Amino acid sequence: MIYLPSCHSTNDIAAELVLNGLAEEGTVVITDNQVGGRGQRGTKWLSEPSQNLTFSVILRPKFLPVAEQFLISQMVALAIYDYFSFYTNQVKIKWPNDIYISSKKVSGTLIENAVQGYGISSSIVGIGININQTRFETARSTSLAEALGTTLNLQSEFEKLGGLLDAGYLRLKTMKQNQVIRDLYLKGLHGYQNSVKFNYLNERVAGVVTGIENSGRLLVKLEGKEGIYDFGLKEIEWVWDE
Ligand code: BTN
């Protein structure tokens, strides 16, 4: 565990450790005040000091073929989903790996993989979990405290989540339960076997998620259209509560 009272981005610190050969598998970089948090697709991850969990875990999943790298995302999403499920049954995974409670985002993950040959030499799993923060810049964000109406101890929440991540990674390492990970992920997924709405090519469309390709592409049966469509990361945008 590397604890920093304040830092720019735990993913950046973790990347430096990897680059300098100082990163053993399982190293965690955690901070109370992340001032330059990065989100997916170049966005920022904002987190009030000492209110939330912001940390990065360094993994070295050399056993995992590059074509299977989405399993890391699925395993991590599942661990965070299970963590929140201790407290509420209103949890959903929003593909690929955001976690929502009652249609509001409570956690985001930024996974940065380095590839060597056919395997993954390092995976930096950056996780932001809103625990005690109650004021947000957007109405679409929430925290566990807001959902439960009570504040929580950050250290013990980290320990619970850490245990689930550890168990999830060990399961992944066996490479024998990949299908179990995929199936459990689907069970928690927003829109799986359910009609949901999203924006596609500037149009509001409805569809039922039918599965996920091993590459991570989302499979959807669109209402009024023949066949199954598959979507990559930037191709669709979810619409909630309509
Ligand atoms: C997203 O939802 O867009 C992903 C957000 C990921 C935020 C976490 S907080 C810890 C780690 N360090 C970062 O700079 N980002 C990730």
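This is a short tour of a predicted model, from the whole protein to the ligand and then to two backbone details.

**Whole protein**

Start with the cartoon view. The protein has five helices and twelve strands. Its radius of gyration is 18 Å, close to the 18 Å that the globule rule gives for 242 residues, so the protein is as compact as a globular protein of that length. Turn the C-alpha trace along its principal axes. It spans about 55 × 45 × 30 Å.

**The ligand**

Now select the ligand and show the protein surface. Where does the ligand sit? The ligand occupies the largest pocket.

Next, show the residues around the ligand. There are 21 of them, and Ser9, Gln34, Arg38, Gln40 and Lys105 come nearest. What is the make-up of this shell: how many nonpolar, polar and charged residues? Four are nonpolar, 14 are polar and three are charged.

Color the shell by element of secondary structure. At least two shell residues come from each of α1 (10-19), β3 (53-59), β6 (104-116) and β7 (119-129). Which element gives the most? That is β6, with four residues.

**Polar contacts**

Zoom in and check three distances, one side chain at a time.

- Select Ser9. An N or O atom in its side chain is 2.7 Å from an oxygen atom of the ligand.
- Select Thr10. Here an N or O atom of the side chain is 3.1 Å from a nitrogen atom of the ligand.
- Select Gln34. A polar atom of its side chain lies 3.0 Å from a ligand nitrogen atom.

How much of the ligand does the protein cover? On its own, the ligand has 410 Å² of accessible area, and the protein covers 98% of that.

**Two backbone details**

Leave the ligand and go to the loop between β4 (91-94) and β5 (98-101), where Pro96 lies. Display the backbone of Trp95 and Pro96. The peptide bond that joins these two residues is cis, with omega about 0 degrees.

Move on to the loop between β5 and β6, and select Ser102 there. What is the sign of phi at Ser102, positive or negative? Phi of Ser102 is positive, near 45 degrees, in a residue other than glycine.

To finish, follow the chain into β6 (104-116). This strand brings you back to the ligand, since β6 gives four residues to the shell.

Terms used: Residues numbered from 1 in each chain as written. Predicted model: local features only at pLDDT ≥ 70, side-chain atom pairs only at ≥ 80, totals over all residues. Heavy atoms only, no water. Near = heavy atom within 4 Å. Polar contact = N/O pair within 3.5 Å; in protein donor to acceptor, adjacent residues only side chain to side chain. Areas by Shrake-Rupley, 256 points an atom, 1.4 Å probe, with all protein chains shown as cover. 1 Å grid on protein atoms, 1.4 Å probe; cavity = no way out; pocket = protein on both sides within 12 Å on 5 of 7 lines; lining within 4 Å. Sits in = over half its atoms within 2 Å of the grid points. Nonpolar A, V, L, I, M, F, W, Y, C, P; charged D, E, K, R; others polar. Rg over C-alpha atoms; globule rule 2.2 N^0.38 Å.
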